[in-house]
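Please open the model in your viewer and keep the sequence panel beside it. The tour below goes from one selection to the next and says what is there each time.

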Amino acid sequence: MNYHIDTGLIYEKFLENACCPLCAIKSIVEEQVIHEFLNDAVMEDNTHIEVVKKGFCAHHFDMMFNRPNKLSLAIQARSNLPTVESLLAPAKNKGGAKKLADKIDGAINECIVCDYVEKSMVKYYKTIAQMFLYEKEFYKYLIKCKGFCMEHYAQLLRYSGYASIGTKDYLKTLSDTQKRAFSLLDNNLETFCRKHDYRNANMPLGSAENALPDTRDIFYGKKND
Ligand SMILES: [Zn+2]
Ligand SMILES: [Zn+2]
């Protein structure tokens, strides 16, 4: 079977058994892309053209700013400046102003790093679906996993067709895994709330201690700084 991507990292992150394995993969992919943009990629013509057109979103600008190569970020920010600056000419009327406002919203949220990361992640979504069909042991990893953030759960659903004749089973397994994660989350949130009653002050929290950070991770995904 020819997978879209090497399966080693997928097994590794599922084995770590934290929510969400795809956020963990994404943070590695994101780090690689950021590294390329702060080093070699900036020299390539094609990449330069895309930086000029799209620039970076706030999240990836911040990530790059937090890495050592500030000169590279400054050069790329300067490359993108004329594209944004071209939207500063005065609009002729109310309608034109609204259109211009939409264009500005679009321009400021476009991001070449997001595009590259998403392109790689799609290969992971497809490969995971294929692994469910072709790798006998993989479903055990899926069943044991602590669930996915909702964005990545949605992406796995979106590319579930790559499990081919196994799609129906794959969807059921994904749903069961996610429901288990929500049930644990609900229990932990309930314990967390009960602990705030003074009569339960000495009650041990156990895994409920992380109920709120866990809720954040499953609703919105892990933050990568
Ligand atoms: Zn995730
Ligand atoms: Zn971005």
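Before selecting anything, take one definition along: a residue is called exposed if 12 or fewer other C-beta atoms lie within 10 Å of its own, buried if there are 20 or more, and partly exposed in between. Keep in mind as well that this is a predicted model.

**The whole chain**

Begin by displaying the whole protein chain as a cartoon, where you will find 11 helices and zero strands. Read from the N terminus on, the elements therefore need no letter other than α, since the order is α-α-α-α-α-α-α-α-α-α-α. If you turn the C-alpha trace along its principal axes, it spans about 60 × 55 × 40 Å. The radius of gyration of the protein chain is 22 Å, whereas a compact globule of 225 residues would have one near 17 Å. Buried residues make up 25% of the 225 residues. Among the contacts with a sequence separation of 6 or more, 78% join residues that are 24 or more positions apart.

**The nonpolar core**

Next, select Val-33, Val-113 and Ile-128, which touch the most other members of the largest nonpolar core, a set of 35 residues. Colour helix H1 (8-15), helix H2 (21-38), helix H4 (58-65), helix H7 (112-134) and H10 as well, for each of them supplies at least two residues of this core. Which helix gives the most to this core? It is H7, with 10 residues. Now centre the view on Val-33 and, leaving aside its neighbours within four places in sequence, look for its contacts with Val-113, Tyr-116 and Val-117.

**The loop between H1 and H2**

Move on to the loop between H1 and H2, where both Asn-17 and Cys-20 lie. As background for this stop, most residues other than glycine have a negative phi, and most peptide bonds are trans. Asn-17, however, has a positive phi, near 55°, and is a residue other than glycine. Asn-17 is exposed, because 11 other C-beta atoms lie within 10 Å. A little further along, look at the peptide bond from Cys-19 to Cys-20, which is cis, with omega near 10°.

**The loop between H9 and H10**

A further positive phi can be found by selecting Ser-164, which lies in the loop between helix H9 (150-158) and H10. The phi of Ser-164 is about 50°, although Ser-164 is not a glycine. Is Ser-164 exposed or partly exposed? Ser-164 has 13 C-beta neighbours inside 10 Å, so it counts as partly exposed.

**Where H10 meets H11**

Now select helix H10 (residues 167-195) together with helix H11 (residues 211-220), whose axes come within 9 Å and cross at roughly 150°. The crossing in which H10 passes H11 is left-handed. To see the contact itself, show the side chains of Ala-181, Leu-185, Asn-188, Leu-189 and Phe-192 in H10, which meet Ala-211, Asp-214, Thr-215 and Ile-218 in H11. Sorted by character, the residues of this contact comprise six nonpolar, two polar and one charged.

**The loop between H10 and H11**

Finish in the loop between these helices, where you can select Leu-205 and then Gly-206. Leu-205 has 14 C-beta neighbours inside 10 Å and therefore counts as partly exposed. Apart from its neighbours within four places in sequence, Leu-205 is in contact with Thr-191, Phe-192 and Lys-195. If you draw a distance between the C-alpha atoms of Leu-205 and Lys-195, which are 10 residues apart in sequence, it should read 7.3 Å.

For Gly-206, return to the definition at the start of the tour: why does Gly-206 count as exposed? With 10 C-beta neighbours inside 10 Å, Gly-206 falls under the limit of 12 or fewer, and so it counts as exposed. As a last step, draw a line from the C-alpha atom of Gly-206 to that of Asp-105, 101 residues apart along the chain, and you will find a separation of 44 Å.

How values were computed. Residues are numbered from 1 along each chain as its sequence is written. Chains are lettered from A and ligands numbered from 1 in the order in which they are written. This is a predicted model: local features need pLDDT of at least 70, side-chain atom pairs count only at pLDDT 80 or more; totals for chains, interfaces and linings use all residues. Axes are lines fitted to C-alpha atoms, for helices over the stretch in contact, and angles run from 0 to 180 degrees between N-to-C directions. Helices (H or I, at least four residues) and strands (E, at least two) are DSSP runs, numbered from the N terminus. A crossing is left-handed if the near helix is turned anticlockwise from the far one by less than a right angle, and right-handed if clockwise. Two residues are in contact if their C-beta atoms, placed from the backbone, lie within 7 Å. Ala, Val, Leu, Ile, Met, Phe, Trp, Tyr, Cys and Pro count as nonpolar, Asp, Glu, Lys and Arg as charged, and the others, Gly among them, as polar. The radius of gyration is taken over C-alpha atoms; the globule rule is 2.2 Å times the number of residues to the power 0.38. A nonpolar core is a set of buried Ala, Val, Leu, Ile, Met, Phe, Trp, Tyr and Cys residues joined through C-beta atoms within 7 Å.
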